[in-house]
Each structure stands twice: as C-alpha cells, then as structure tokens.
Amino acid sequence: MLTDLAVKPGPQFYRYHIGAIDNVSDVLRYFKAKNVLIVHGQISFIKAKPKLTFLNNDVFNYFYHQYGGECSYNGIEKVIEQIELHDIDFIIGVGGGKLVDLVGVSAYKANVNFGVIPTLASNCAPWTALSVMYKDSGESEGILEYYYRQATFFITDPELVIDAPVEFFIAGLADTIAKWYETITILEQDSLNQEPFLNIAKHISTLCKDEIMANSSKAIEDMKNKRVTDEFLRLSEIVFAIAGMVGGFGDKYARSAAAHAIHDAVSQCIPKSHTYLHGEKVAYGILYQLALEKNWTQIDDLLPFYSELGLPLSLTTMSLMPTDIKVIDDIVEIIYSMDEVHLLPIEVTKEKLKQAIYDLEDYINK
C-alpha cells in the first residue's frame with residue numbers, strides 16, 4: 001500500500017443545473033458567513049450577475065474585488081488585504097480557472113472558507129486543491145501551490161457556462177483528455193494496479209477520454225448554438241468537475257506528466273506562448289509525451305480529432321519553435337525538474353526529453 005498518497009476528493013457541496021446558483025444563500029447560512037468577499041472578473045461578472053440572486057439577500061454583507069487577470073503572488077496579497085480590511089469570513093470566486101485558482105490559494109493562506117461559481121468549462125481548476133502560479137505579466141512562475149482546504153461549494157449554471165467563448169471549452173476538452181494520456185501508462189504499472197484509489201483515478205480518466213472522443217463535436221456545436229443539451233451538460237461537467245477527481249484520487253500518480261510539464265516549460269521560456277490557452281498548449285503537450293514514449297500510432301490516431309477541434313500539433317505550427325538552442329535547453333531543464341515526469345515507466349533523461357521535441361516537429365511537419 002502506498003504511504004505517500006494524499007487523497008483530496010473535491011468540494012464539499014456541488015450542484016450544476018439551471019437555477020443551481022439559488023442554493024448559494026443556503027450554503028452561506030449553513031457556514032454562518034457574515035462578511036462575504038466576491039472576487040470577480042469583468043465581462044464574465046457582467047454576464048453572471050443576473051444569475052447571482054443570492055446577492056439580493058441582505059442577511060450577508062458583500063464586498064467586491066476585481067482581480068487583475070492572473071493568479072499571481074501580487075494578486076494574493078491584494079485579496080488578503082481585502083479579507084483583513086473587511087473582516088471577511090467567506091470568499092466567493094466568480095469566473096474562470098485563473099480566478100478560482102487565486103481564490104483557492106488566497107483562502108488557504110488567509111484560513112477562510114471559499115466557494116466557486118465557474119463561468120467557463122476550460123479546466124478542472126474549480127475542483128482541485130492546487131493553484132498554478134503566474135506573474136502579473138502572464139508568464140508562468142513554474143510553481144504549483146498545494147493546499148488541504150478545498151472549496152466549500154462548487155455551484156454553477158449551464159446557462160451561464162454555455163455563454164462563454166467556445167474556444168475556452170475546446171481548450172478544456174483537450175486539457176481533460178490529457179488526464180488519460182498522462183496517467184494511464186503510470187497507473188497500469190504492476191506496482192500500482194492494486195491500489196484502490198489509483199484504480200478509481202484510472203477509471204475516471206478513461207471515462208473522461210471516451211466521453212470526449214465520442215461526443216465533443218456535438219457538444220461544441222450545441223455550445224455554438226447556445227443549446228443546453230445532454231452532450232454539452234455531460235462534457236462541460238467532465239471538464240470542470242469529473243476531471244478534477246483524477247488527481248483528487250490519484251494525487252501525484254494521476255495529476256500530470258510530460259504534457260503539463262512541457263506546457264509549464266513553454267509558458268516560462270517562450271513569452272509568445274501566452275497568446276495560447278492553457279488547454280491548447282497541453283494539447284501540444286500530449287503529442288510531445290507520446291513522442292517521448294515513441295508512441296507514433298497513438299499520435300496518428302489523435303490527428304483527426306485534433307484537426308476537427310483545431311488544436312495545435314507542434315511548436316512550429318504555433319509559430320513558437322525557438323531558434324535559440326538555449327531556449328530548448330531551458331525548456332528541457334524545467335521538464336526534467338518535475339517529479340511527475342519521472343513516474344513514467346520509461347527512461348527519462350535530458351537527452352531524451354530534448355530529442356522528443358525535435359522528433360515531434362519532424363513527424364508533424366515532414
């Protein structure tokens with residue numbers, strides 16, 4: 001039995017259906033909230049406001065803070081300033097992945113409860129107990145902040161989520177299938193396949209991939225037409241909730257591997273990469289990991305799906321391929337420094353990590 005497995009299943013209370021946000025007042029009342037800080041974006045908050053009926057409840061004192069667009073250490077300081085200034089005992093984040101990451105890590109550092117109302121289905125940030133840190137400029141810090149305090153509630157409405165830009169949803173689908181490609185070779189090792197929680201993580205990652213591969217075209221089309229169908233409901237829920245359970249039950253064995261590692265490295269070393277969404281860079285990362293594993297057959301199998309969703313295939317096709325060899329070396333150093341990459345059941349050396357970058361470029365752009 002593993003002794004280094006930290007299981008964090010998810011938020012204490014979850015609802016996702018039309019009218020679900022009406023339940024927020026009941027949750028706040030249950031947790032005896034008094035002074036509530038609403039951390040929000042700009043455009044997404046304007047769209048969300050008609051759904052936020054709990055703001056009309058004068059039992060609570062509401063304060064508002066518009067975040068700067070990044071989950072940064074400077075952003076954390078500003079949230080904590082608001083918490084201290086207004087004696088905040090509950091934080092609610094209304095927005096996308098970086099915003100809920102900021103709320104989660106700020107609540108952890110300030111030791112207050114928090115809830116999230118996601119307005120996007122672009123990643124599983126609302127479900128997880130970790131935050132990806134960025135500089136205010138948008139560059140990756142290369143740091144993940146882990147914490148034990150998970151969201152008190154995760155509540156949102158599909159009529160709100162479906163009104164987001166469709167490219168965020170597509171990026172979320174790519175980020176979610178990475179859960180399977182990054183973890184399956186790790187979890188199928190003989191030394192791990194008798195671990196109950198890891199088997200749960202493996203099952204969930206398989207469900208994520210199978211559902212997305214089967215239903216993404218329909219769900220994307222429905223989102224473009226603003227139709228809340230079963231396919232859109234199912235896949236959006238998989239992206240921002242179910243996918244979070246993979247790492248929640250599997251911890252470091254099922255959280256990420258080479259696909260997310262090269263995402264982080266590229267985000268740190270190539271400033272132009274900030275024009276791409278998280279999930280788009282992870283989509284490239286999936287192909288990179290498969291190249292590292294020499295699994296060209298699976299790359300071939302994925303290419304039609306990537307073409308259909310318009311996902312990036314290589315650094316060259318993204319116009320991000322460095323001409324300076326030092327940038328490649330810096331990317332490799334960052335990937336090699338990440339523990340999860342070394343859980344892959346293959347030999348991982350700096351030379352192999354570097355060669356895989358060039359092998360994928362050659363394979364895709366031949």
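In what order do the six strands of the open sheet lie, and with what pairing? The order is β1-β8-β5-β4-β2-β3 and the pairing is parallel, where strands (E, at least two residues) and helices (H or I, at least four) are DSSP runs numbered from the N terminus. This is a predicted model, in which local features need pLDDT of at least 70 and side-chain atom pairs count only at pLDDT 80 or more, whereas totals for chains, interfaces and linings use all residues. Residues are numbered from 1 along each chain as its sequence is written, and side-chain values use heavy atoms, with hydrogens and water left out.

**Sheet**
- β1 (13-16) and β3 (61-66) stand at the edges with a single partner strand each, so one side of each has no neighbour in the sheet; two strands pair if DSSP finds at least two bridges between them.
- Strands β4 (residues 90-95) and β5 (residues 113-118) pair in the parallel sense over six bridges, and I91 stands opposite F114 in β5.

**Nonpolar cores**
- The largest nonpolar core (buried Ala, Val, Leu, Ile, Met, Phe, Trp, Tyr and Cys residues joined through side-chain atoms within 4.5 Å) has 106 residues, of which I91, F169 and Y288 touch the most other members.
- Helix α6 (residues 166-187) gives the most to this core, with 12 residues.
- A second, separate core of 22 residues includes I21, V24, V27 and F54.

**E340**
- E340, in the loop between α12 (325-336) and α13 (350-364), counts as buried because its relative accessibility is 14%, buried meaning under 20% relative accessible area (1.4 Å probe, protein chains only).
- Not counting residues up to four places away in sequence, E340 touches Y146, I186, K252, R255, S256 and A257, contact meaning heavy atoms within 4.5 Å.

Technical notes. Buried < 20%, exposed > 50% of the residue type's maximum accessible area, 1.4 Å probe, protein only.
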